[in-house]
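Please work through the following exercises with the sequence and the coordinates at hand. Each task is followed by a solution in steps.

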Amino acid sequence: MALDRQTQIDLYTTMLTIRRFEERVAAEFYAGHIFGFIHSYIGQEAIAAGVCGHLTKDDRIVSHHRGHGHCLAKGADMKRMMAEILGKKTGYCKGKGGSMHIADFSIGMLGADGIVGAGLPIATGAALAARLEGSGNLAAVFFGDGACQEGEFHEALNLAAIWKLPLLFVCENNHYGVNTPASYSLAAGEITRMPEAYHIPNKAIHGNDVEAVYEAAGEAVALLRRGEGPYFLECKTYRWHKHYLSDALDDLRPREELESWTKRCPVGSYQARLLREQVLTREECAGIDEQILARVEEAYRYGLESPYPEPEEALEDVYSG
Amino acid sequence: MREITYEQAAMEAIQEEFRRDPRTVHLATDPIAVLQEEFGTERIRVTPIAENSFVGAAIGLAGSGFRTVVNLRMATFGFVAMDQFINHAAKITYMFGGQARFPILYRMTVGAGISAAAEHSVTPYPMYMNAPGLKVILPATPYDLKGLFKTALRDDNPVISFEHVALGDVRGEVPEEEYFIPFGRARVRREGADVTVVALAKMVDEALAAAEELAAEGISLEVIDPRTLVPLDRAAIFESVKKTGRLVVVDEACQTCGAAAEIVALATSDPATFAALKSAPARVCGLDVPIPFSPPLERYAVPDKAKIVTAVRAVMA
């Protein structure tokens with residue numbers, strides 16, 4: 001499938017936006033300006049970009065603890081994201097959620113969920129809503145190889161299968177649950193054996209190749225919009241950082257393994273391809289980067305200069321209405 | 001006035017509200033014929049036996065603009081879905097800064113008395129009271145159930161209705177015309193002067209029976225049913241205790257860290273209420289044991305009229 005130039009540039013821009021955002025978040029975290037847990041999405045950008053490239057704001061997604069990339073790819077406001085990560089009143093959740101719980105219901109981003117596997121049942125509800133609305137909308141849920149070890153994963157696959165829900169399961173297989181390899185934890189071996197058992201059409205792809213993700217997600221989304229769901233897409237990838245950024249957590253993964261994946265950087269390899277195929281010039285690439293860095297800078301400044309919530313605001317929003 | 005059963009009252013409330021709002025869904029592990037016939041199998045859905053999946057699906061539906069009723073049947077099955085209840089349903093409004101509303105009514109039965117043994121005779125609403133973000137209702141009559149359901153089905157929060165297993169077939173007066181019972185409004189089931197008895201769920205009936213018996217001895221009980229535990233009508237309890245000067249709280253749930261403990265703590269921490277007390281408040285609760293199977297053991301483990309009478313005499317002594 002040959003993509004048109006604008007789609008290629010959009011995919012590249014989305015990936016680079018996530019990369020630059022996450023680099024800034026990591027830098028500020030290590031400088032002591034951001035507190036709490038930061039689960040960096042660096043290394044996995046092609047998946048959010050390739051999948052969300054097919055979604056409209058009426059499609060709904062559910063994300064996980066490593067959720068910044070999904071928010072950005074779905075169209076969330078970078079300034080409000082950064083403010084939330086900094087715990088500020090102007091953040092998406094008024095400082096109550098932080099990095100792990102960013103949501104923007106106005107664009108169909110139903111929230112990042114910090115409990116491994118727990119987003120899958122929630123996404124079945126979003127998919128049922130899409131089906132009842134009858135407008136060809138769908139839901140997509142992002143999760144990792146770790147979630148495939150949870151009972152909720154199996155419950156959600158079964159439910160989606162028997163109800164034929166328009167739900168796209170996007171497994172971001174980064175091969176580790178914290179430091180424990182999925183090869184140890186998953187008896188099934190290949191993850192796609194599990195959707196296979198539930199008679200859910202599935203495919204495993206190289207998740208660092210954004211065009212491969214975009215093409216596979218496009219085929220899946222077309223099926224779902226026709227009412228032929230669900231679908232399961234396994235994207236094999238690797239996170240570059242530790243499970244979460246911290247000085248205390250050791251990264252026990254083999255160095256050579258990490259290096260073999262950083263050589264297959266989703267952003268760098270796609271940039272090289274776009275240059276090679278003369279889709280973009282070096283100057284154009286530099287221009288895109290410059291714009292993104294300026295947006296990230298603006299977002300960080302916005303977050304930094306925004307006020308903290310008043311302490312008593314801790315009592316607000318426990319209930320609606 | 002006409003009489004209908006507790007469960008019929010539930011169905012009426014659901015039918016009325018599902019007619020009014022087409023963006024409503026019902027999830028349960030069994031088909032419910034009366035609802036399926038009227039609203040179809042797309043909206044009245046049968047789920048697999050996978051509690052986390054459908055308790056969570058209701059959250060996703062809510063986040064997508066739908067209202068859902070989830071019938072878990074027994075509260076013991078609710079434990080299977082504790083991840084979705086506690087980590088998600090309770091927190092999601094708050095954690096996302098109030099961006100979205102999560103209108104869900106979860107139903108489950110509680111209580112002992114049917115020889116169902118330990119796993120199927122649980123009374124766990126105190127655990128849910130400890131998870132801010134959930135509302136907890138405890139209808140004790142068909143009238144209260146319908147009125148509380150009507151309110152729950154227009155509330156924009158996750159509400160859990162705990163329904164005593166022995167009440168399902170109980171009949172009671174329910175008006176034909178529409179009515180709503182607001183949350184956080186206790187009902188004085190019997191006015192009295194000597195002892196305030198706050199009773200929960202099926203214990204309301206036991207407390208009323210105890211009041212009848214003690215009236216013959218000249219002891220006058222005021223029986224209060226809070227009807228909802230979150231929110232709780234503290235003012236009604238305080239006012240009654242200030243009048244009677246004595247407090248007994250009756251709950252079938254285990255005594256430790258229970259609703260009764262909370263009610264006693266609230267009453268004794270309110271200076272004016274505390275000052276009015278003539279004797280130490282008492283709790284009449286389920287024993288801190290799993291509910292046993294054999295009828296004599298089971299009866300021993302939960303409160304009844306006789307235990308309430310004994311407790312009242314003690315606070316009067």
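The exercises below concern a predicted model.

**Exercise 1.** Determine whether chain A is as compact as a globular protein of its length.

*Solution.* Begin with the secondary structure: chain A contains twelve helices and eight strands. Next, compare two values: the radius of gyration of chain A is 19 Å, and the globule rule gives 20 Å for 321 residues. The two are close, so chain A is as compact as a globular protein of that length. For the dimensions along the principal axes, the C-alpha atoms of chain A fill a box of roughly 55 × 50 × 40 Å. Finally, 51% of the 321 residues of chain A count as buried.

**Exercise 2.** Describe the side of chain A that touches chain B, by element and by class of residue.

*Solution.* First, establish the contact: 34 residues of chain A meet 33 residues of chain B. Second, list the elements of chain A that give two or more residues to this side: β2 (109–113), α5 (119–133) and α6 (151–163). Third, find the largest share, which is the nine residues from α5(A). Fourth, sort by class: this side of chain A has 19 nonpolar, nine polar and six charged residues.

**Exercise 3.** Locate Gly227(A) and decide whether Gly227(A) is buried, partly exposed or exposed.

*Solution.* Gly227(A) lies in the loop between α9 (210–225) and β8 (231–236) of chain A. Count its surroundings: 13 other C-beta atoms are within 10 Å of Gly227(A). A residue is buried at 20 or more and exposed at 12 or fewer, so Gly227(A) is partly exposed.

Terms used:
Residues are numbered from 1 along each chain as its sequence is written. Chains are lettered from A and ligands numbered from 1 in the order in which they are written. This is a predicted model: local features need pLDDT of at least 70, side-chain atom pairs count only at pLDDT 80 or more; totals for chains, interfaces and linings use all residues. Helices (H or I, at least four residues) and strands (E, at least two) are DSSP runs, numbered from the N terminus. The radius of gyration is taken over C-alpha atoms; the globule rule is 2.2 Å times the number of residues to the power 0.38. Two residues are in contact if their C-beta atoms, placed from the backbone, lie within 7 Å. Ala, Val, Leu, Ile, Met, Phe, Trp, Tyr, Cys and Pro count as nonpolar, Asp, Glu, Lys and Arg as charged, and the others, Gly among them, as polar.
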